[in-house]
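User: Please take a close look at one residue of this model, and then follow it outward to the interface that lies around it. I would like one connected account, with the cut-offs behind each term.

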Amino acid sequence: MILQILYIIAIVSEAITGALSAGKYRMDLFGVLLISLVTAIGGGTIRDIVLNMHPMIWVQHPEYVIILCFFSMLTVMIPYFFARFDKLFLLLDALGLICFSIIGVNKALGQEFGFIICVIAGVITGVSGGILRDILCNKIPLVFQKELYASISIVACILYYLLCVHTTIPNTFAILITLVFGFGLRVIAIRYKLSLPIFIFDEVKQKKLTHKDKKDSV
Amino acid sequence: MILQILYIIAIVSEAITGALSAGKYRMDLFGVLLISLVTAIGGGTIRDIVLNMHPMIWVQHPEYVIILCFFSMLTVMIPYFFARFDKLFLLLDALGLICFSIIGVNKALGQEFGFIICVIAGVITGVSGGILRDILCNKIPLVFQKELYASISIVACILYYLLCVHTTIPNTFAILITLVFGFGLRVIAIRYKLSLPIFIFDEVKQKKLTHKDKKDSV
Amino acid sequence: MILQILYIIAIVSEAITGALSAGKYRMDLFGVLLISLVTAIGGGTIRDIVLNMHPMIWVQHPEYVIILCFFSMLTVMIPYFFARFDKLFLLLDALGLICFSIIGVNKALGQEFGFIICVIAGVITGVSGGILRDILCNKIPLVFQKELYASISIVACILYYLLCVHTTIPNTFAILITLVFGFGLRVIAIRYKLSLPIFIFDEVKQKKLTHKDKKDSV
């Protein structure tokens, strides 16, 4: 119940941020609408396709799609209004990330999947909406390059799984603990610009190195 | 029956336009083949995956794939011949769009889905082949930026759904009415270069505005 | 049995090459991990989604995902070590291509699909991991532009299908013959830089031609 309310808040705020990000690419209204929908419900869709968990939430509740379309078009009409609350949306997006992760783990638990698949289900739900959005906008997914995001989803999924399976606390508490913990982590990551190390592998430099090595060995 | 003939005309012309568009990206023959197939049958494939409607048409009729491969390779051999009929292909593509939309709604109706999911099924069938093609060619999908295309698919899907569910006219008439109406709309859109409004959202400009506002309020 | 050992060698080497290729795009560790996984098991995942063959191998054996994550992170720690063996990885990738193709045909045969769908299943398994990797890295898939790769997968799939269905030789022999033949073809293609013809279609040039034609006809 609490999860459903959070879910709706999460998909609506993802739809709004999706629309705002589409606005940078000179798209028409249909493009904006599609980017909004994909950002909001693309993650759950990919999870359900990969793990064969039909029907999807939005197929069972098509009214969610209508709500998302409404907010997407509202964003187009008053973008500067929504953009003014960019910090609020950053927080709502953090909430959405954790919320999506919990829902993903939850749905996989319901299908009696084990630890690894549950975590994968949660992470797919949390991050792949944003990945699809960036692929449609023709850029390298942001989630690979910005502050701790996917890693927080992984941590939240593991925590929630452990709380659900290896403790006896009620589900509502498990949700709340994961939400507070994950949300807190994300806020700290944004505040202090924490990020994972970047892996740079320069083949040319490497070839030079090998070349030198050869000279050295000669 | 009429729908099946139109379907084959539609996928063949999509395969040819797919091959022609692959020719702009220095792809080898396999690339051309794949782009052709994805443009022609990618939309239906995504629809059937998302709505779990297996098996797909081309899995049941693999001979369609062979026909498409044949036309794709024929296009490579005589591209200028096909390109000379570019206006014909624009019309065939319009026919294909409406035809795909009707087929999508039809298949979803057969699974007893409601209004919203039926329209989504139709639009996915109509536009996502082209979206996949553009993702594989590494550009922002054309369908987000050119004249009325997806919106006509939406209108055609709604019309066809209403004709099927809320009237008693025979299915063949519903198909013909939707085809004539949708095709006409698309021809008008091409002729008069009608397009949806473009949504441009400039974050920098917005930040400047906010900044001014602050000064003003000071 | 032999196929399973080859499969693990193949996905591990694909994961390592995936990680090395992610290193060129300034991705963080999560990005590298995801690119590794997608390169290694993305092809089989797409095949099983499209042909509705659930559950997937990695869903049944989640320990494979852990092994792949381990090698992906190992690559990040000692990239120059792995990169030094670039020729070995080219060979392992060739092995993987044929191995994936055989596994794809095998799985489709188990579902009683016919010739065309079996070949498509094999080719999807062989090449689409690399296509997904390139889409996530925001470039035109390499497989469309480099030496014979997908075409060798097609040939291997056809050979394996014929050996399985139209001869009575034991499955292990069919696998070995296909492996030796396909691997040999790929090594020859790399050695002599064999590639499919590139299809270049220049619309502007074509328009000029048509223009000239018109003048001529005037």
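Analyst: **B:Asn52 and the contact of chain B with chain A**

B:Asn52 is partly exposed because its relative accessible area is 29%, where buried means under 20%, exposed over 50% and partly exposed in between (1.4 Å probe, protein chains only). The model is predicted, so that local features need pLDDT of at least 70 and side-chain atom pairs count only at pLDDT 80 or more, while totals for chains, interfaces and linings use all residues. Residues are numbered from 1 along each chain as its sequence is written, chains are lettered from A and ligands numbered from 1 in the order in which they are written, and side-chain values use heavy atoms, with hydrogens and water left out.

B:Asn52 sits in the loop between α2 (29-50) and α3 (57-60) of chain B, helices (H or I, at least four residues) and strands (E, at least two) being DSSP runs numbered from the N terminus. Apart from neighbours within four places in sequence, B:Asn52 is in contact (heavy atoms within 4.5 Å) with A:Asn52, A:His54 and C:Asn52. Within chain B, the C-alpha atoms of B:Asn52 and B:Gln111 are 10.0 Å from each other, although 59 residues separate the two along the chain.

Turning to the interface with chain A, 33 residues of chain B are in contact with 36 residues of chain A. The buried area, which is the accessible area (1.4 Å probe) that two parts lose on being put together, summed over both, is about 3000 Å² between these chains, and carbon and sulfur atoms give 71% of that area. On the side of chain B, B:Phe144, B:Phe199 and B:Phe201 supply 27% of the area buried against chain A, more than any other three residues.

Between chain B and chain A there are zero salt bridges (a side-chain nitrogen of Lys or Arg within 4 Å of a carboxyl oxygen of Asp or Glu). One residue pair, both at pLDDT 80 or more, is in polar contact, meaning N or O atoms within 3.5 Å, where within protein one must be able to donate a hydrogen and the other to accept it, and residues adjacent in sequence count only if both atoms are side-chain atoms.

Among the elements of chain B, α7 gives the largest share of the side that touches chain A, with seven residues. Strand β1 (residues 27-28) of chain A and β2(B) run antiparallel and are joined by two bridges, pairing being assigned if DSSP finds at least two bridges; there, A:Met27 has B:Phe199 as its bridge partner.
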